[in-house]
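Colleague: I am new to this model and would like a close look at one loop residue and at what surrounds it. Could you go through it slowly, and then place it in the wider picture?

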Amino acid sequence: MSDPRTIHLGLGAFFRAHQAYYTHRAEQLTGQQTGIHAFTGRKPDAAETLAAQGFGYTLIERGADGDKLELINSIRAASAGADQDAWRDAWLVDDLQLVTMTITEAGYRVTPDDLPALQAGRPGSAMSRLLYGLQTRRQAGLGPVAVISCDNLASNGEVLGRTVRELAGQWDDDLAAWIETSASFPSTMVDRITPATTDADRELATAWLREQGAEQAIDNMPVVCEPFTEWVIAGDFPAGRPAWDQVGVTVVDDVAPYEQRKLWLLNAGHSMLAYYGLALGHATIDQTMADPRCTELLEALWSAAAEVLPFDAAEIERACEALRVRFRNPRIRHNLIQIAGDGSQKLPNRTLGIYRARRAARLPLDPGTPATLAGWLIHLGTDRVNDQGVAELYSRFASAETATPSARIPVMLEFFGADLADDHELAAAIGDQLKQLDVK
Ligand SMILES: NC(=O)c1ccc[n+]([C@@H]2O[C@H](COP(=O)([O-])OP(=O)(O)OC[C@H]3O[C@@H](n4cnc5c(N)ncnc54)[C@H](O)[C@@H]3O)[C@@H](O)[C@H]2O)c1
Ligand SMILES: O=P(O)(O)OC[C@@H](O)[C@@H](O)[C@H](O)[C@H](O)CO
């Protein structure tokens with residue numbers, strides 16, 4: 001079998017439910033085996049587990065009425081992100097087409113350590129590893145590739161391309177010039193709710209494989225997702241790509257409106273339900289959807305977003321109705337604490353994106369934004385915070401000697417931008433939401 005023509009960075013749940021699924025479908029349809037070499041963030045665990053079961057895994061499509069299971073086998077190799085030899089070799093595949101990535105919002109950050117690490121030939125972060133891979137390909141005189149962000153980031157292709165070009169410019173002019181002619185950065189809107197896999201899912205997948213006749217089979221890496229799935233892509237693929245457009249992927253000239261619709265309805269909705277729902281003692285999205293205190297705020301947030309989204313009312317209502325059904329799916333246990341991670345990176349483009357667009361259009365303050373920010377402030381006071389970008393905010397809280405959520409409101413607003421620092425209306429509305437939640 002030929003070497004994989006796609007490298008994927010970030011062997012997490014979503015990649016297995018989405019990009020690997022579409023490539024699997026395209027391979028099934030065309031018979032053309034393009035294959036994927038998947039890399040973990042750093043640790044070897046996921047790569048070793050997948051290798052031990054022959055790289056195949058079960059996709060559990062979890063509808064409200066039942067499960068549909070399917071074996072996915074588009075991944076042909078898996079390596080630890082820290083395995084630099086494997087990373088180099090993957091980039092040296094002559095007919096490599098694509099590098100895809102799901103590295104979370106935080107993975108796009110460049111730190112002062114990145115340039116010295118590249119100069120020393122020891123890249124560690126996602127961005128420096130990407131640069132190292134592109135350099136490997138350039139130095140070997142190999143052909144162009146498309147590098148595709150599949151993260152929930154506004155303008156993900158643009159952000160990725162800009163970040164790569166800036167770092168390349170600091171490191172090596174020849175590489176920077178090569179990137180201009182030999183790397184493209186398509187933009188994507190990716191959508192499929194994919195909660196973390198549980199032991200019960202592993203047992204279900206193993207039992208199913210055995211029922212299919214694979215008597216010794218063990219599936220330690222199944223993935224659970226909702227039936228709904230969407231992938232919208234815009235951009236160039238200089239070395240070609242799997243036949244994704246024949247298996248449900250939408251190829252457009254401009255992904256921006258789709259991405260904005262998704263980030264402002266689904267993801268901003270998720271953030272609101274996560275922070276506000278945690279403050280009310282809920283644990284999963286479907287639980288918040290049974291609580292009118294949450295659903296009223298969600299509907300208010302969606303109405304507010306609808307007024308500043310570039311879609312007509314009927315199309316927005318179709319998307320919201322689909323989301324009501326998706327969020328209520330009682331068999332998808334999507335943990336609020338998982339969604340609550342990395343708020344410092346996510347809130348600016350999601351909740352505050354809606355807020356700033358409304359303010360620019362001189363529309364009134366909606367209750368969804370202050371409710372989300374009040375919930376976030378409460379969350380920041382707990383020991384359950386998982387956010388690589390929040391250290392600076394904590395040090396600002398410390399300097400300002402603020403300990404309670406309400407005292408922290410102005411510090412948080414200033415952290416999100418000078419334009420919010422004197423926003424007394426928003427500050428007062430967040431204070432009101434805290435009072436309603438009975439929090440000082
Ligand atoms: N889960 C979903 O419903 C969903 C849906 C759409 C998009 N996404 C996107 O996919 C991302 C990953 O979600 P998931 O469900 O796969 O999570 P996950 O926890 O299963 O996997 C996260 C993956 O990202 C890698 N990673 C994290 N930080 C990294 C870094 N700094 N450098 C390199 N790799 C890094 C991890 O190693 C892991 O492979 C999300 O952040 C989001 O942008 C997720
Ligand atoms: O993946 P994040 O952390 O950017 O956001 C959390 C969820 O809102 C997100 O994963 C959604 O489930 C997903 O975007 C659905 O397609």
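Modeller: Ser155 is partly exposed, because 16 other C-beta atoms lie within 10 Å of its own (20 or more would make a residue buried and 12 or fewer exposed, with C-beta atoms placed from the backbone). This is a predicted model, in which local features need pLDDT of at least 70 and side-chain atom pairs count only at pLDDT 80 or more, while totals for chains, interfaces and linings use all residues. Residues are numbered from 1 along each chain as its sequence is written, and chains are lettered from A and ligands numbered from 1 in the order in which they are written.

Ser155 sits in the loop that leads from strand S7 (145-149) to helix H7 (156-171), where helices (H or I, at least four residues) and strands (E, at least two) are DSSP runs numbered from the N terminus. Its phi is positive, at about 50°, although Ser155 is not a glycine; most residues other than glycine have a negative phi. Phe55 also has a positive phi, near 75°, without being a glycine, and it too is found in a loop, the one between helix H3 (45-52) and strand S3 (57-63). Phe55, however, is buried, because 21 other C-beta atoms lie within 10 Å.

Strand S7, which precedes the loop of Ser155, belongs to an open sheet of six strands in the order S5-S2-S1-S6-S7-S8, with parallel pairing (two strands pair if DSSP finds at least two bridges between them). Its edges are strand S5 (75-79) and strand S8 (183-184), each of which pairs on one side only. Strand S2 (residues 36-39) runs parallel to S5 and is joined to it by four bridges, and His37 has Ala77 in S5 as its bridge partner.

The UniProt record, an unreviewed entry, lists residues 5-245 as "domain: Mannitol dehydrogenase N-terminal"; such annotations may be inferred rather than shown by experiment, and positions follow the numbering used here, with feature names shortened. Over those residues the chain is 38% helix and 21% strand, with its end C-alpha atoms 17 Å apart.

Two ligands complete the picture. Around ligand 1 there are 20 residues, the closest being Gly12, Phe14, Gly41, Ala126 and Asp151 (a residue counts if its C-beta atom, placed from the backbone, lies within 6 Å). Helix H1 (residues 13-17) gives the largest share of that shell, three residues. Ligand 2 has among its surrounding residues Asn152, Asp191, Lys346 and His270, and here the largest share, again three residues, comes from helix H10 (residues 256-279). At least three residues of the ligand 2 shell come from each of domain 1 (6-251) and domain 2 (256-436), bounds that rest on an automatic or database domain assignment.

Helix H10 also holds Ala279, which is buried because 24 other C-beta atoms lie within 10 Å. Ala279 and Val439 are 160 residues apart in sequence, yet their C-alpha atoms are 9.4 Å apart. The whole protein has 21 helices and 12 strands, and 46% of its 440 residues count as buried.
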